[in-house]
Amino acid sequence: MALFRYPQPRPSEITPKDLYFSRRKVIAGLSAGLGVAALGTDPAQAGEKLHTHPGPYSATLEPTSRSDVTGYNNFYEFGMDKSDPAASSGDFKPLPWTLEIGGLVRNPQRLDVGQMLQSSDMEERIYRMRCVEAWSMVIPWDGIPLATLLKAADPDPKAKFVAFESVERPSEMPGQRNNISGIEWPYVEGLRLDEAMNPLTLLAMGIYGETLPNQNGAPVRLVVPWKYGFKGIKSIQRIRLVEEMPPTTWNRLAPSEYGFYANVNPEVDHPRWSQASERVIGSRSLFGEKRQPTLMFNGYGEQVADLYKRMDLHASY
Ligand SMILES: Nc1nc2c(c(=O)[nH]1)N[C@H]1C(S)=C(S)[C@@H](COP(=O)(O)O)O[C@H]1N2
Ligand SMILES: [Mo]
């Protein structure tokens, strides 16, 4: 019956009163009927079980190991090394959490993510994931299509793009306190509205049938499997429908290296490295880690190529 665990702060960092109030806040974020016993207090390397069922579009590939999916991460709010997000996200509290959907919509939403985690509509989608740094994994996500929520918000005909915003919480995010990365917080991302409505686009709330660990973007993050991993913005608080193409974090940092579209494309190299092939994280061969050819749209061309048929993908990278 337990639904969500958040990492327990070290006893030295918290007074009994703080602990009491933080637990009360979590209870308020869940629906009535859940007792205190439902709240786990163990460190959440793995989360609680979700009510999930197999969804469409899953790859018939063996998922990457849980230790690689939860131990080799990019989440600069917690540091720049691949091991930093797992090591430094223990203070982050993903619940209670409100996800807002606003901007050019007729029916703005304020969603209680603690309640969404109890949804029985949660789908499992085993997707290939390709980072712009030329490595890849296969990740079994659990979530709901973003289109379901956008339709509920009822987009205004003027809306052309969707803007996403991560959380800004320097007290819980060491990479926002020291800001070695130079990122202007919060992390922001965007999609064209038709990309956001594509049935592949997922709002993920779990991996391996359980709630997301902090390092993977708890409690709710975006997954756009035909685009480079940086489009998959983590720990989302706000979604806004807008008329103009919104600014995006990596494009703002280095516009000649990271475009708005960021579609996986083996024919368009990054200015500093080839995108023709990728390291398969967790794989072993006689010669060490395997490399494999990168697929156009990461192998999802059948579902998404039409979205770009009138575009020059070398210019709109
Ligand atoms: N808020 C936020 N979201 C983020 C990032 C980040 O640094 N901050 N990194 C991105 C990058 S570069 C990648 S490859 C994916 C990694 O997701 P994973 O760690 O769950 O595999 O998250 C993306 N989402
Ligand atoms: Mo990435």
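# A walk through the predicted model

Start with the whole chain in cartoon view: you should be able to pick out nine helices and 13 strands. Keep in mind that this is a predicted model. The chain has 317 residues, and buried ones make up 52% of them. Among contacts with a separation of 6 or more, 72% are between residues 24 or more positions apart. Switch on the surface if you like: its accessible area comes to about 14400 Å², and carbon and sulfur atoms hold 53% of that.

**Stop 1: strand β11 and its partners**

Select residues 236-242, which is strand β11, together with residues 98-103, strand β2. These two pair in the parallel sense, over four bridges. For a landmark, click G102: its bridge partner in β11 is R240.

Now add strand β6, residues 161-166. β6 and β11 run antiparallel, with six bridges joining them. Here the landmark is S166, whose bridge partner in β11 is I236.

**Stop 2: F164 and the core**

Stay on β6 and show the side chain of F164. Which residues touch the most other members of the largest nonpolar core? That core has 75 residues, and the answer is W141, L150, F164, L203, L222, W226 and I239. Colour those seven and you have a handy set of markers for the rest of the tour.

Zoom in on F164 and leave out its neighbours within four places in sequence. Its contacts then include the run Y187, V188, E189, G190 and L191. Also in contact with F164 are L146, L222, I233, I236, R238 and I239.

**Stop 3: strand β8**

Next, select residues 202-207, strand β8. How many of its six residues are buried? Six of the six are, so don't expect to find this strand on a bare outer face of the surface view. Three other strands are worth showing alongside β8. Strand β5, residues 135-145, pairs with β8 in the antiparallel sense over five bridges, and P145 has L202 as its bridge partner in β8. Strand β10 also pairs with β8 in the antiparallel sense, over three bridges; look for A204, whose partner in β10 is R221. Strand β9 is joined to β8 by two bridges and runs antiparallel to it.

Follow the chain from β8 into β9 and you go round a hairpin with two residues between the strands. Click Y208 there: its phi is positive, near 55 degrees. Then find G206, which stands opposite T211 in β9.

T211 deserves a click of its own. T211 is buried, with a relative accessible area of 1%. Its side chain reaches the backbone nitrogen of E48 at 2.9 Å.

**Stop 4: R125, a buried arginine**

Move to strand β4, residues 122-131, and show R125. Is this arginine buried or exposed? It is buried, at 2% relative accessible area. What does its side chain make a polar contact with? Look for the side chain of E123, at 2.8 Å.

Not counting residues up to four places away in sequence, R125 touches the stretch G55, P56, Y57 and S58. It also touches I139, P140, W141 and P145, along with P199, L200 and L202. W141 was one of the core markers from Stop 2.

**Stop 5: aromatic pairs**

Show the rings of Phe, Tyr and Trp. The count comes to twelve aromatic pairs. Begin with Y127 and Y300, which sit edge-to-face at 5.8 Å centre to centre, with 75 degrees between the planes. Y127 is in strand β4 and Y300 in the loop between β13 and α9, so this pair ties together parts 173 residues apart in sequence. Both Y127 and Y300 are buried.

Then go to F230 and Y258. Their ring centres are 5.6 Å apart and their planes are at 85 degrees, so this pair is edge-to-face. F230 lies in the loop between β10 and β11, and Y258 in the loop between α8 and β12, so the pair ties together parts that are 28 residues apart in sequence. F230 is buried at 9% relative accessible area, and Y258 is buried at 8%.

To finish with the rings, select F161, F260, Y261, F297 and Y308 in one go: ring pairs link them into a cluster.

**Stop 6: G175 in helix α6**

For the last stop, select helix α6, residues 174-178, and click G175. G175 counts as buried, with 4% relative accessibility. Draw a distance from its C-alpha to that of Y76: you should get 6.0 Å, although the two are 99 residues apart in sequence. Leaving aside neighbours within four places in sequence, G175 is in contact with Y76, E77, F78, G79 and W185.

Terms used. Residues numbered from 1 in each chain as written. Chains lettered and ligands numbered in written order. Predicted model: local features only at pLDDT ≥ 70, side-chain atom pairs only at ≥ 80, totals over all residues. Heavy atoms only, no water. Pairing = 2+ DSSP bridges. Core = buried A, V, L, I, M, F, W, Y, C linked by side-chain atoms within 4.5 Å. Buried < 20%, exposed > 50% of the residue type's maximum accessible area, 1.4 Å probe, protein only. Contact = heavy atoms within 4.5 Å. Polar contact = N/O pair within 3.5 Å; in protein donor to acceptor, adjacent residues only side chain to side chain. Areas by Shrake-Rupley, 256 points an atom, 1.4 Å probe, with all protein chains shown as cover. Phe/Tyr/Trp six-rings, centres within 6.5 Å; stacked < 30°, edge-to-face > 60°.
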